[in-house]
Amino acid sequence: MTGPARCFKPCTVVLLFSASLLWMAPSRGEEAAFRMPEYPDLAPPPPRSQAEVAALLAGGEAAEAGPAEQAPLRIVLVAGPKDHGKGEHDYPNWQQVWAKHLPRVAGTRVETAWEFPTAPQIDAADVLVFYQHGDWNDDRAAAIDPFLARGGGLVYIHWAVDGRDQHQALAQRIGLASLGGGISYRHGDLDIDFTPGAEHPIARNFRRIRWIDETYWKLAGDPAQINLIGSSIEEGRPWPQFWTIERGRGRVFVSIPGHYMWTFDDPAFRTLLFRGIAWVARRNIDRFNELVTLDARVE
Ligand SMILES: [Zn+2]
């Protein structure tokens with residue numbers, strides 16, 4: 001966000017899967033780069049331990065063989081121009097890296113969009129993931145409302161929650177939204193309490209997680225409308241940092257953290273975003289688990 005300068009007949013199915021894997025399969029030399037290419041010139045947080053990651057992933061479901069899991073999951077990753085310093089809000093690099101690696105999970109198809117998906121992309125998509133400087137207007141409403149009504153899934157990361165002068169309208173769709181830089185925010189040591197989301201599949205095994213990233217609070221919208229997943233204490237009281245909301249048949253997952261690019265290389269953060277993508281698509285919540293530690297900041 002604005003502020004200090006630092007400031008996801010059987011033969012036919014098999015053929016479709018094979019085609020999608022060939023389409024986005026990384027070449028051999030690129031396989032080991034699911035890490036964000038640039039960090040800020042600051043000390044990164046310590047890597048997460050293998051034991052902590054194993055505890056977060058414990059109790060996962062085996063991949064289901066039902067019809068829903070056999071159909072390709074079609075994701076559009078939406079980015080936009082970079083608006084912060086090195087290693088912050090790096091929407092373009094996030095889009096490149098995630099578009100290359102999400103399709104490693106069988107039955108996952110990824111497309112990319114700049115600023116906003118095209119109408120054909122939205123028509124074909126199961127999930128739209130927005131990581132960009134957000135915006136809202138009548139054209140976006142006219143595209144997103146029918147998408148949600150037919151059961152589409154939305155994921156909003158960090159500054160994508162900015163609705164600018166249409167923040168109330170964006171909040172009606174995603175729960176809470178920002179009026180430009182008029183909200184409160186803090187960069188630094190986060191201690192997110194996932195107790196509110198203890199019964200939600202996205203937060204399975206999560207209790208408290210620390211990151212070095214950014215919180216927002218004092219967003220527009222009605223907190224009573226959201227399903228709170230995780231909160232942060234700011235100015236003496238808890239504020240939503242992760243939540244879901246359902247609109248018609250559509251589902252939405254929001255993560256406020258996502259300022260520093262090292263956070264995207266953290267297995268705990270990846271787990272939440274991957275589960276968020278799977279949950280809004282009504283798929284196996286653990287379908288992306290093989291990517292949680294791939295080239296991640298874990299030891
Ligand atoms: Zn930020």
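**Close-up views of a predicted model**

**View 1. The residue that follows helix α7.** Just after α7, G175 adopts a positive phi of about 100°. The model shown here and in the other views is predicted. Helix α7 spans residues 167–174, and six of its eight residues are buried, so the helix is largely enclosed by the rest of the structure.

**View 2. Packing around helix α7.** The buried residues of the helix are H167, L170, A171, Q172, R173 and I174. Their packing partners are α6 (138–149), β4, β8 (237–247) and β9 (250–255). I174 also belongs to the largest nonpolar core, where I174 is among the residues that touch the most other members.

**View 3. R164 in the loop ahead of α7.** This residue sits in the loop between β4 (153–157) and α7 (167–174). Its phi is near 50°, a positive value in a residue other than glycine. Most residues other than glycine have a negative phi. R164 has 15 C-beta neighbours inside 10 Å; because a residue counts as buried from 20 and as exposed at 12 or fewer, R164 is classed as partly exposed.

**View 4. K218 in the loop between β6 and β7.** The loop in question links β6 (208–217) and β7 (227–234). K218 is not a glycine, yet its phi is positive, at about 65°. With 14 other C-beta atoms within 10 Å, K218 is partly exposed.

**View 5. Strands β5 and β6.** Strand β5 (residues 184–193) runs antiparallel to β6, and ten bridges join the two. Within this pairing, D189 stands opposite I212 in β6. Eight of the ten residues of β6 are buried, so this strand is largely enclosed by the rest of the structure. K218, in the loop between β6 and β7, is by contrast partly exposed.

**View 6. The largest nonpolar core.** This core has 80 residues, of which I75, V129, V155, I174 and I277 touch the most other members. Helix α8 (residues 267–280) gives the most to the core, with nine residues. Of the residues named for their contacts, I174 is also listed among the buried residues of α7.

**View 7. The whole chain, for orientation.** The chain contains eight helices and nine strands. Of its 299 residues, 48% are buried.

Key:
Residues are numbered from 1 along each chain as its sequence is written. This is a predicted model: local features need pLDDT of at least 70, side-chain atom pairs count only at pLDDT 80 or more; totals for chains, interfaces and linings use all residues. Helices (H or I, at least four residues) and strands (E, at least two) are DSSP runs, numbered from the N terminus. Two residues are in contact if their C-beta atoms, placed from the backbone, lie within 7 Å. Two strands pair if DSSP finds at least two bridges between them. A nonpolar core is a set of buried Ala, Val, Leu, Ile, Met, Phe, Trp, Tyr and Cys residues joined through C-beta atoms within 7 Å.
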